[in-house]
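Please open the model in the viewer and keep the sequence panel visible. The tour proceeds by selection, one site after another.

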Amino acid sequence: MIIEYQRPESLEEAIKLLERKNPTSLPLGGGTVLSIKQKKEDFAVVDIQNLGLNKIEVQDNLTTVGAACDLQSLIESSQIGTSLKKAISREININMRNMASVGGTIIAADGCSPFLTALSAIDVQLFWQPGDVETSLSEWLPLRSGKKPGLLLEKIQFNDQVKLEIRSLGRSPQDYPLASLAIAKWQNGRMRIVIGAIRNSHPLLAMDGKGTQEAFEEAKKICKSALEGQKHEAYLASVLPELVRQMTQEL
């Protein structure tokens, strides 16, 4: 139960509030995560809307997005690529996109999330406060149920010159996906393949390296092994490896 609401005017003030032991204090961005959060104990919320963490900035091929930026603003921004926008549009409907924040989605999205799968593929970096701690999204995701690198996710950053292909599989284009697949390719030939197919987990890295035929075959094997015991296993195990082949050819 929320017992206290705070809306600080500076990052420093927000950190001080979040550092409190009593009451337990949690950051509030769009509110979509905390609105469904079930906690037995009482807690306070620290609204980060006045901290300027909703900006999208591009400099030297690096795109920086504040953690409080809502997903619909990414779709409407001319600074965000078409493929990433496609992933966001499959994540949730427009009403929820106007509320849901980048940070909240990263913290709470499940393993089938198109947006989280796409971010993992382009090797997004996360920046936490206090301490300006930088972590890789892909390295942090398996650990996100534990202690976080900081009290507040401040922003994310990625190379906007990376080519990205994203596909989602569902019963219909309007349904939340059964699985997502994202492939990113850098100008130097580096390629990352990420599979989002396990709802109660996180997207899985299938390949990070040069796009050789051997690497593609290994990525297909990881696709199949990741789906073992999952719902719709047979269908996804037959479709995802073929999608890997198609999408790598398109890139």
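Select Arg20 in this predicted model. Its relative accessible area is 24%, so Arg20 is classed as partly exposed. Now add Glu4 to the selection: the two side chains form a salt bridge, with an N to O distance of 2.9 Å. Glu4 belongs to strand 1 (residues 2-6), whereas Arg20 sits in the loop between helix 1 (11-18) and strand 2 (25-28); the pair therefore ties together parts that are 16 residues apart in sequence. Glu4 is likewise partly exposed, because its relative accessibility is 23%. This is one of four salt bridges found in a search of the whole structure.

Next, select Asp123, Arg190, Arg192 and Asp208, which are linked in a network of salt bridges. Begin with Arg190 and Asp208, whose closest N and O atoms are 2.9 Å apart. Since Arg190 lies in strand 11 (residues 190-196) and Asp208 in strand 12 (residues 204-210), this salt bridge ties together parts that are 18 residues apart in sequence. Then display the salt bridge between the side chains of Asp208 and Arg192, at 2.7 Å from N to O. This pair also links distant parts of the chain, with Asp208 in strand 12 and Arg192 in strand 11, 16 residues apart.

Is Arg192 buried or exposed? Its relative accessible area is 3%, so Arg192 is buried. The cut-off for that class is under 20%. Arg190, by contrast, counts as partly exposed at 23% relative accessibility, and Asp208 counts as partly exposed at 38%.

Move now to strand 5 (residues 62-66), where four of the five residues are buried. Two antiparallel pairings can be followed from this strand. With strand 4 (residues 56-59), strand 5 is joined by four bridges and runs antiparallel. To locate one of the matched positions, select Ile56 together with its bridge partner in strand 5, Val65. Between the strands of this hairpin there are two residues, and Asp60 adopts a positive phi near 55°.

The other pairing is with strand 8: five bridges join it to strand 5, and the two strands run antiparallel. Which residue in strand 8 is the bridge partner of Gly66? It is Lys155, located in strand 8 (residues 152-159). Centre the view on Lys155, which counts as partly exposed because its relative accessibility is 25%. Neighbours within four places in sequence aside, Lys155 contacts Thr64, Val65, Gly66, Ala67, Gln125, Leu126 and Phe127. For a distance check, pick the C-alpha atoms of Lys155 and Asp132: they are 9.9 Å apart in space, with 23 residues of separation in sequence.

Finally, turn to a pair of helices. Two packed helices are described by the angle between their axes and the distance between the axes. Select helix 3 (residues 82-91) and helix 6 (residues 114-121), whose axes come within 7 Å and cross at roughly 155°. That angle makes helix 3 roughly antiparallel to helix 6, because angles over 145 degrees are classed in this way. To show the contact, display Leu84, Ala87, Ile88, Arg90 and Glu91 on helix 3, which meet Pro114, Phe115, Leu116, Ala118 and Leu119 on helix 6. Colouring this contact by residue class gives eight nonpolar residues, no polar ones and two charged ones.

Notes: Residues numbered from 1 in each chain as written. Predicted model: local features only at pLDDT ≥ 70, side-chain atom pairs only at ≥ 80, totals over all residues. Heavy atoms only, no water. Axes fitted to C-alpha atoms, helices over the stretch in contact; angles between N-to-C directions. Parallel < 35°, antiparallel > 145°, perpendicular 65-115°, else oblique. Contact = heavy atoms within 4.5 Å. Nonpolar A, V, L, I, M, F, W, Y, C, P; charged D, E, K, R; others polar. Buried < 20%, exposed > 50% of the residue type's maximum accessible area, 1.4 Å probe, protein only. Pairing = 2+ DSSP bridges.
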